[in-house]
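Work through the exercises below with the sequence and the 3D structure in view. Try each task before reading its solution.

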Amino acid sequence: MDQFGVQKESLKTIARTPVIPGLNANQKTSSQDKALAATDIVWLGATLEELYGDAFSAFGVSKDDGGIAVMKVPANSEATRMGLQEKDVIQKVNGETVPKLPAFLRALARVGPGSLQLKVVRGQQAMELRIEHHAYVRVETAGEASDFKQLPLPTAPSGTLIANTKTNNDPLQSLVDGKLASGYGPVFGNGVYHGAYKMDLGEVQRVKAISSWSFKQGQRGAQSLTLYGSRSTKDPGWNLKTLTPIGTVDTAAGGSTYTAASLRAATGQTLGAFRWIIWRVSLVNAIGGGENTAFQELDVEFAGEN
Ligand SMILES: [Ca+2]
């Protein structure tokens with residue numbers, strides 16, 4: 001299954017994002033493009049961007065080849081440990097060219113937890129970088145909640161939830177009740193492009209995986225979100241610049257009733273140690289001003305947990 005297969009024209013629009021402010025200053029963008037651009041694309045804790053306009057020559061790559069620029073690489077991130085550096089441009093994943101972010105995310109999805117051989121341009125020089133035992137996204141779909149085999153529902157809540165914006169329909173706590181309903185869930189309104197859920201784990205925990213389940217309510221089954229964490233003893237607020245980027249999850253709706261997506265650390269490793277986990281969600285289509293995902297459940301797995 002091509003989990004990033006984008007069928008609808010409206011979704012293609014979404015798939016072309018993010019539009020990067022600064023790198024494409026000469027390009028006209030719609031308000032929705034700008035809104036979507038506010039969500040960082042994060043891989044192994046590093047923030048990624050597509051190249052536009054003058055950035056190609058600045059990074060030493062041709063416009064035809066394109067590539068994914070690694071823009072922010074926190075010192076304690078998995079990306080740093082794997083040998084990635086700021087201003088690296090990733091051009092190939094296991095021999096496949098990745099001129100744009102959707103192609104890069106699709107290539108990662110195909111490889112899953114397997115080894116990655118990257119072609120990288122660093123300081124205008126091409127080089128190879130091998131990445132093994134890395135965090136990855138697992139996606140599973142099912143017709144019934146009990147059909148999930150790889151990503152079964154949690155049996156107990158990992159923490160308590162709040163949201164940054166009013167949610168509609170179901171109560172927020174239905175996201176931590178271990179059940180999947182056939183409905184909207186605690187959904188952000190149409191056109192709300194900056195919705196975020198935040199879970200307080202109660203104490204700093206070594207996090208092994210972060211998962212979310214959604215229902216295909218109309219076209220609201222797809223998931224597009226970026227995960228952040230914080231070790232703060234107090235609620236860290238909602239300013240993403242003060243939080244630790246963990247990773248981006250992007251699925252397609254597919255034909256199934258339920259979709260589960262999980263960002264998972266490599267065996268024996270963690271995604272980091274956090275008290276707070278933030279799901280910064282993006283619009284998943286352009287219907288009615290842009291619809292948000294019908295999330296049904298959110299979960300964090302801790303190291304040592306079965
Ligand atoms: Ca639920």
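The exercises that follow concern a predicted model.

**Exercise 1. Confidence and overall make-up**

Find how many helices and strands the chain has, and where the pLDDT is below 50.

Solution.
- Step 1. The chain contains 5 helices and 17 strands.
- Step 2. Of its 306 residues, 45% are buried.
- Step 3. Among contacts with a separation of 6 or more, 68% join residues 24 or more positions apart.
- Step 4. The average pLDDT of the chain is 88, and 86% of the residues score at least 70.
- Step 5. Residues 1-37 have a pLDDT below 50; this stretch has 57 contacts in the model beyond near neighbours in sequence.
- Step 6. Where pLDDT is low, predicted coordinates should not be read in detail.

**Exercise 2. The largest nonpolar core**

Determine which residues have the most contacts inside the largest nonpolar core, and why this core lies between two domains.

Solution.
- Step 1. The largest nonpolar core holds 71 residues, and F104 and L227 have the most contacts inside it.
- Step 2. Both domain 1 (9-131) and domain 2 (136-302) contribute residues to this core, so it lies between them.
- Step 3. Leaving out residues up to four places away in sequence, F104 touches I68, I90, V93 and V98.
- Step 4. F104 is one of the buried residues of helix α5 (residues 101-111); the others are L101, L105, R106, A107 and L108.
- Step 5. The buried residues of α5 pack against β1 (41-43), β2 (46-50), β3 (68-72), β4, β5 (96-97) and β14 (244-250).
- Step 6. Just after α5 comes G112, with a positive phi of about 60 degrees.

**Exercise 3. The partners of β4**

State which strands pair with β4, and name a bridge partner for each pairing.

Solution.
- Step 1. β4 is mostly covered, with 4 of its 5 residues buried.
- Step 2. β3 pairs with β4 in the antiparallel sense over 2 bridges; here A69 has V89 in β4 as its bridge partner.
- Step 3. β4 and β6 run antiparallel and are joined by 4 bridges, and I90 has V120 in β6 as its bridge partner.
- Step 4. β4 and β5 are also antiparallel, joined by 2 bridges, and K92 has T97 in β5 as its bridge partner.
- Step 5. The hairpin of β4 and β5 has 2 residues between the strands, and N94 takes a positive phi near 50 degrees in this hairpin.

**Exercise 4. Is strand β15 enclosed or open?**

Decide from the burial of its residues, then locate its partners.

Solution.
- Step 1. In strand β15 (residues 258-264), 7 of the 7 residues are buried, so the strand is largely enclosed by the rest of the structure.
- Step 2. Both of its faces are covered: Y258, A260, S262 and R264 are buried on one side, and T259, A261 and L263 on the other.
- Step 3. Strand β8 (residues 136-142) pairs with β15 in the antiparallel sense over 7 bridges, and V139 stands opposite A261.
- Step 4. Strand β12 (residues 196-215) also runs antiparallel to β15, and 7 bridges join them; A261 is the bridge partner of S212.

**Exercise 5. Two loop residues**

Classify K87 as buried, partly exposed or exposed, and do likewise for Q124. A residue is buried with 20 or more other C-beta atoms within 10 Å, exposed with 12 or fewer, and partly exposed in between.

Solution.
- Step 1. K87 sits in the loop between α4 (78-81) and β4 (89-93).
- Step 2. K87 has 14 other C-beta atoms within 10 Å, so it is partly exposed.
- Step 3. Although K87 is not a glycine, it has a positive phi of about 75 degrees.
- Step 4. Q124 lies in the loop between β6 (116-122) and β7 (125-131).
- Step 5. Q124 has 11 other C-beta atoms within 10 Å, so it is exposed.
- Step 6. Q124, also not a glycine, has a positive phi of about 70 degrees.

**Exercise 6. The surroundings of L161**

Work out why L161 counts as buried and which residues it touches.

Solution.
- Step 1. L161 belongs to strand β9 (residues 160-163).
- Step 2. L161 has 21 C-beta neighbours inside 10 Å, so it counts as buried.
- Step 3. Not counting residues up to four places away in sequence, L161 touches L172, Q173, L175, V176, Y197, K198, M199 and L298.
- Step 4. L161 and L298 are 137 residues apart along the chain, and their C-alpha atoms are separated by 9.2 Å.

How values were computed:
Residues are numbered from 1 along each chain as its sequence is written. This is a predicted model: local features need pLDDT of at least 70, side-chain atom pairs count only at pLDDT 80 or more; totals for chains, interfaces and linings use all residues. A nonpolar core is a set of buried Ala, Val, Leu, Ile, Met, Phe, Trp, Tyr and Cys residues joined through C-beta atoms within 7 Å. Domain bounds come from an automatic or database domain assignment. Two residues are in contact if their C-beta atoms, placed from the backbone, lie within 7 Å. pLDDT is the predictor's confidence in each residue, from 0 to 100. Two strands pair if DSSP finds at least two bridges between them.
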